[in-house]
Amino acid sequence: MRIEFRRHNPIILAPMITPLLIVQTQVPPDVIDLGLGNPPLSLLPLGMIREAAQSALSQKDNAFLQYGTEQGDGTMRLALAAFLSREYGFTVGPDRLFITSGISNGLDLLCTLFTNEGDTIFVEEPSYFLALRIFADHGLNVISVETDENGLVPASLEEKLAGFHPKFLYLIPAFQNPTGHTLSQDRRERIVALAKEHDFLIAADEVYQLLNYAPQEPPKPFGAYKHVENVVSLGSFSKILAPGLRLGWIQAHPARINRFVNSGLLDSGGGLNPFTSAVVREVIESGGLGKNIGALKAFYRDQIQAMDEALHRHLPEVKYTIPHGGYFFWLEFPDHVDVGELRKKAPPFKVDFRPGALFSSNGGLKNYMRLCFVYYEADQIEEGIKRLKQCLDHLPSK
Ligand SMILES: Cc1ncc(COP(=O)(O)O)c(C=O)c1O
């Protein structure tokens, strides 16, 4: 039997975005896919995970092979709470953490527990396109709210609230996917006030919170609003350790955590991923997680520079702001450039990227493109941008 190892996230088609996507489970070796949102294989810390697994497996206590505690193993939550408290600069209690199989799982569970088919939710325009897929699976009515370089625009939120009552607002507050923008502190305050006033949840996807490359830190994550029951902050080990672990967490008020704990999924299957939790706990307690994040930041910081220089050299007419964290550059092309059409012409040039329209909930953003700077090394980034320029040169000019 031939076993295939899948190296890249398969991109699955949503009915609403079908015309814009090319199905792919593999990037052919001669193609540079600047659209990928994965860490490179070279930065997945096999040695560190091996040592942690060996340490977990050599203990006499085999409780992690049992069905797990619904909220997530207590010692794992203690280790994670101590780690997050150090990183965030405020105390995170283990009673406020719930272990998930990653943010995708957390969002899916949130939809299951807090929405019904046909309910309205709000998302940023643009937003993470695969979260939109999860919301589509739940039959939710997705309404988009405007953003700018400081994140979601509160005035646009207020305008939408005049017409709809959303069950939740899905936000990526720090180094957003796809724009790289970060929500300012004053806007966070306003959004929390509106959530309380209009009684909707804030689902803050903080997947890139700890990946900042500039000396200044982003505002504190939404978990800092400790007394606000409407806030659900979702975190993940996917981008700070390894996505294959399928491990993450939800941080929220204990009353909210209680709803996650008391769900049918956990009643039947117990807490999520107790085995992986035991391994990752070792990584946290040994100081490996902090070291890994430090190494990723040093590498990614240089990659940003490489992409910025390549864009300057080959595509000086394109507009973007240099990201201070996360994974992505968000490029704005002149109005007449349809990036979805451009992508159809890209295969002979052996380059790929993600059209902005994928991230739109209202059919807009056709002249935008998302590029990821973490996956390829500097020389491949340079080559990829050069190919992108060649591809653009073949578009009929306006
Ligand atoms: C904004 C955002 N949320 C969630 C995810 C997926 O997170 P996880 O692997 O924890 O499910 C990604 C991955 O690219 C992402 O960019």
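Student: Which residues have the most contacts inside the largest nonpolar core?

Tutor: Phe-135, Phe-168, Phe-237 and Leu-371, in a core of 104 residues. Keep in mind that this is a predicted model. Helix α10 (residues 288-314) gives the largest share of this core, nine residues.

Student: What makes Leu-110 a contact of Phe-168?

Tutor: Contact means heavy atoms within 4.5 Å. Phe-168 touches Leu-110 on that count, and its other partners include Phe-122, Phe-135, Leu-140 and Ala-203, leaving aside residues up to four places away in sequence.

Student: What is in the second core?

Tutor: That one is separate and has 20 residues, among them Val-145, Phe-200, Val-228 and Val-231.

Student: Now the sheet. Why are β2 and β5 called edge strands?

Tutor: Because each of them, β2 (97-100) and β5 (151-152), pairs on one side only. The sheet is open, with eight strands in the order β2-β9-β8-β7-β6-β3-β4-β5 and mixed pairing.

Student: How do you know that β7 and β8 pair?

Tutor: Pairing takes at least two bridges. Strand β7 (residues 201-205) and strand β8 (residues 231-236) have four, in the parallel sense, so they count as paired. Ile-202 stands opposite Val-231 in β8.

Student: Which strands does helix α2 touch?

Tutor: Helix α2 (residues 74-88) packs on the sheet against β2 and β9 (248-252), and its direction makes about 110° with that of β2. Helix α7 (residues 254-261) also packs on the sheet, touching β2, β7, β8 and β9, with about 135° between its direction and that of β9.

Conventions:
Residues numbered from 1 in each chain as written. Predicted model: local features only at pLDDT ≥ 70, side-chain atom pairs only at ≥ 80, totals over all residues. Heavy atoms only, no water. Helix = DSSP H or I, 4+ residues; strand = E, 2+ residues; numbered from the N terminus. Axes fitted to C-alpha atoms, helices over the stretch in contact; angles between N-to-C directions. Core = buried A, V, L, I, M, F, W, Y, C linked by side-chain atoms within 4.5 Å. Buried < 20%, exposed > 50% of the residue type's maximum accessible area, 1.4 Å probe, protein only.
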